[in-house]
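Work through the following exercises with the structure open beside the text. Each one sets a task and then solves it step by step.

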Amino acid sequence: MSAPAVTPPHTGRPILATLPIFDLSLRAFSGGKAIRVVALFALVPTLFAGIFWLDAAGQTSREFLNDLFRELIAPTILPLAVLTLGTNALGNEIEDRTMVYLVLKPIARWRIVAEKFLAVVAVGTLLLWLGVALTWFVTMRSSAGDNLDMLVAIELAVLAAVLGYGSLFMAVSLLVPRALLAGIIYTLLWETTIARFIPGVRLVSVRHYVVSIYGRILDDPQFLVEQAMHLGPAVIVIVVLTVVALALTSWRLATMNLE
Amino acid sequence: MTATMPTSATPRAVGPIAPPIPENATIVVQNLSKWYGDVVAVSDVSFGVEPGVTALLGPNGAGKSTTLEMLTGLLKPSTGTIRVLGKPARGDVSLYRQVGLVPEQETIYPFLTGYEFVRLNAVLQKLPEPDAATTRALGLVELLPDAGRAVRGYSKGMRQRVRVAAALVHAPQVLLMDEPLNGTDPVQRAHMIELIRRLGREGRTVLVSSHVLHEVERFADRILVIARGKLAAAGDFHAIRDKIDEHARAVRLRCDDARRFAAALVQTPIVLAVRLEATPDGAQPGLVIETSDVRELYRLVPVVAQDQGIRLFEVAALDDSLASVFAYVVGR
C-alpha cells in the first residue's frame, strides 16, 4: 500500500509506546465521570474532619482519625471509590465496544488486563491518597508533624485496598452482569455490615486485611485492631487476591464473547 | 470461479449450500453455526475465501456481522471451525498481525484525535515506525487534513474512514470490513470502493459485508450470499446475478399511454404478464410487468416506446432490493 508523503498533523503528546493501554486508560479516566465520582468519595472523610474541627466532642485527633478510617474509610469509602474505577476500566469498553480495538491486536489478554489494572491503581491511589492526606491534615492541624505515623499507616492501607478491591472489581465487571450494582450491594452488605459484626466472616472480607495492615503498621496499643492479622500474612493475602483476580479477569477476557 | 447456487426443478431452490473450498483460500470456514438459546444466527455455513475482494452479502439480520465476528475470533462459534491464514481464528493473538477488522459500530475513543487513534493501533501492532504507518494509513483514506481533530467532532463518514485507516495501519494480509460504506457520501464512497479494489488487486484477502447489492457489484469479484443464517449462494458475482436474472422479475413502468404500451409489450415472448396499476391521483395507470428476462426487458422498453410514440416517465424494478433477491435465492 502506498500513500502520498504528508507531514503528520500536530497531535499533542503521543501514546506511550511502552504502556499504550495504561496511557489510553489514564486518558479515558481523566475525561470521564468515574474520576469525578472517585474524587468526591475521596473528599467525604475531609468533610467529617471539618466537622471534627468545629467540635471535637471530647475525642483526641488520633482517636477521631482512627475511628474515621476503621468505620468509614476502610469499609465504605475505599471499596465504593475503587469499585467505580474497577468496573469502569474494562466494563465500559466492552459495553461501548471499543474493546475490539484492543483485543484484535497481537497482545496477550493478561497484558491488557495488567495495564488497565495499573491505571486503576494509579488513579485510585493518587486520588485517595490526596483525600486521606487532606483529611489527616484537617484533623491534626498543628500536631500534624507528630502524627505522621498515622498518615503513613493509612496511606499504605489505602494502597492495599486499591490493589485488592481494584483487582476484585475488575474481575466482577467481566463475570457479573450489572457489575456496578453487584459491587455496591457487596460493599454495603458484606464489607460494611456483615463482615464487621460477624467475627468468622471478616476473614473473607478485604476490609479485614486492610484494617490489619493499618493496625500493624501503626503499631499503637491504643488502637489495637480486633483479631488483626500479622502484617506479613495480611499483605500476602492481598497480593494473592490480586494475582488470582487478575488471572481470572485475563482468562475471562480471553474466553468471553465480545459482541 | 463459477457460481454455486441451489438448484432444483422448481424455480426457487432451498439453501443452504456448501461450495468447494478453493485451494488458495486464506479463510476456511467449515460447518460454522452460532446460536443464542433457541435463536439460530448462523447455521452450518461452510465456505472458503481467496485473495481478492469477496462480498458477504445479505439483508440486515442475515448473520453477516455474526459471521465476521466469528472470523475475527471475537465470538466463539457454537459448532464448526474457522482457520485464517492456516491458524485458528480464536485463541492465537499473533494472527492479528495479519488481520484487520473494520467493525460496524461507530464508537471510537472520543478523546483521541484521528491521528492518535490510528497511531494507537500502530503502537498496539508494535510497528517499528508508528508515525510513518499512521500517516500512510490516514493518507489512504484521505483523512490527513482532519487527523488533528478530536474524533468526537467527526462526521459519520469520517469515523468510518478513520476506522478503515486503523484497520489498514499494519497492512494486513486479511481485511474484514463490516458495512464499510455506511455513512459515507458519494465521493467518499467512490474513493472507498476504489481503495477496496486496490487492496484486492494487491493480493490481500478482503471480505466486505454489505446489504446493498449494487454497491457490491462495484468492487467484489466473488460473493457469498447469506440469508437467515444460511449460505444461500457463493461464487462469481456476475454468474450469480445472471442466475437471479434468469427468473421472473417484476418491473414497474409509468408512461403517457399505459394500455397501448401494455398491448405492445404483451406481444413479446419475454413478458409473462402485464397488469395495470391504479395511481392515487387518477392519472394514467402504471404498468407492472412480469418478465423472464429483465435485462432484455430493459433493452426492449425504450425501443417499444419509440416505435409506439409513447413517453416514458419511470421504469423501476420492483423486486431489485436485496431482500427480494434473497427471498428468491433461499426459496422463500
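**Exercise 1. Pairing of a strand on both sides**

Task: Find how E11(B) and strand E14 (residues 312-317) of chain B pair, and over how many bridges.

Solution. In this predicted model, E11(B) and E14(B) run antiparallel to each other and are joined by five bridges. To place one of these pairs, take Leu253(B): its bridge partner in E14(B) is Val315(B). Next, turn to strand E13 (residues 286-291) of chain B, which also pairs with E11(B) in the antiparallel sense, over five bridges. Here Ala250(B) has Glu290(B) of E13(B) as its bridge partner.

**Exercise 2. Two faces of one strand**

Task: Sort the side chains along strand E11 (residues 249-255) of chain B by the face to which they point, and state which are buried.

Solution. Start from the general pattern: side chains in a regular strand alternate between the two faces of the sheet. Then apply the pattern to the strand. Arg249(B), Val251(B), Leu253(B) and Cys255(B) point to one face and are buried. Ala250(B), Arg252(B) and Arg254(B) point to the other face and are not buried.

**Exercise 3. The order of a sheet**

Task: Which strands of the open sheet of six strands in chain B stand at the edges?

Solution. Write down the order of the strands, which is E6-E7-E8-E3-E9-E10 in chain B, with mixed pairing. Strand E6 (99-102) and strand E10 (230-236) of chain B are the edge strands; each has a single partner strand, so one side of each has no neighbour in the sheet. From one strand to the next, the twist averages 15 degrees.

Now look inside the sheet. Strand E3 (residues 52-57) and strand E9 (residues 222-227) of chain B pair in the parallel sense over four bridges. Thr54(B) has Arg222(B) in E9(B) as its bridge partner.

Finally, add the helices. Helix H1 (residues 64-71) of chain B lies across E3, E7, E8 and E9 of chain B, and runs at about 150 degrees to E7(B). H4(B) lies across E6 and E7 of chain B, at about 170 degrees to E6(B).

**Exercise 4. Helix packing in chain A**

Task: Describe how helix H6 (residues 148-175) of chain A packs with helix H8 (residues 206-218) of chain A.

Solution. Two packed helices are described by the angle between their axes and the distance between the axes. The axes of H6(A) and H8(A) come within 8 Å and cross at roughly 155 degrees. Angles over 145 degrees count as roughly antiparallel; H6(A) and H8(A) are therefore roughly antiparallel to each other. Their crossing is right-handed. Residues in the contact include Ala153(A), Ala157(A) and Gly164(A) of H6(A), and Val210(A), Ile213(A) and Tyr214(A) of H8(A). By class, this contact has 17 nonpolar, one polar and one charged residues.

Repeat the steps for helix H5 (residues 109-140) of chain A and H6(A): their axes come within 9 Å and cross at roughly 150 degrees. This crossing is right-handed. Among the contact residues are Val120(A), Gly124(A) and Trp136(A) of H5(A), and Leu151(A), Val158(A) and Met170(A) of H6(A). The contact of H5(A) with H6(A) divides into 16 nonpolar, four polar and two charged residues.

**Exercise 5. Buried or exposed**

Task: Is Ala119(A) buried or exposed, and is Ala57(A) buried or exposed?

Solution. A residue is buried if 20 or more other C-beta atoms lie within 10 Å of its own, and exposed if 12 or fewer do. Ala119(A) has 24 C-beta neighbours inside 10 Å and therefore counts as buried. Ala119(A) is part of helix H5 of chain A. Beyond its neighbours within four places in sequence, Ala119(A) is in contact with Phe22(A), Ser25(A), Leu26(A), Phe29(A) and Ala89(A).

Ala57(A) has 8 other C-beta atoms within 10 Å, so Ala57(A) is exposed. Ala57(A) sits in the loop between helix H2 (33-54) and helix H3 (61-95) of chain A. Its phi is near 50 degrees, a positive value in a residue other than glycine.

Note on methods:
Residues are numbered from 1 along each chain as its sequence is written. Chains are lettered from A and ligands numbered from 1 in the order in which they are written. This is a predicted model: local features need pLDDT of at least 70, side-chain atom pairs count only at pLDDT 80 or more; totals for chains, interfaces and linings use all residues. Axes are lines fitted to C-alpha atoms, for helices over the stretch in contact, and angles run from 0 to 180 degrees between N-to-C directions. Angles under 35 degrees count as roughly parallel, over 145 as roughly antiparallel, 65 to 115 as roughly perpendicular and the rest as oblique. A crossing is left-handed if the near helix is turned anticlockwise from the far one by less than a right angle, and right-handed if clockwise. Two residues are in contact if their C-beta atoms, placed from the backbone, lie within 7 Å. Ala, Val, Leu, Ile, Met, Phe, Trp, Tyr, Cys and Pro count as nonpolar, Asp, Glu, Lys and Arg as charged, and the others, Gly among them, as polar. Two strands pair if DSSP finds at least two bridges between them.
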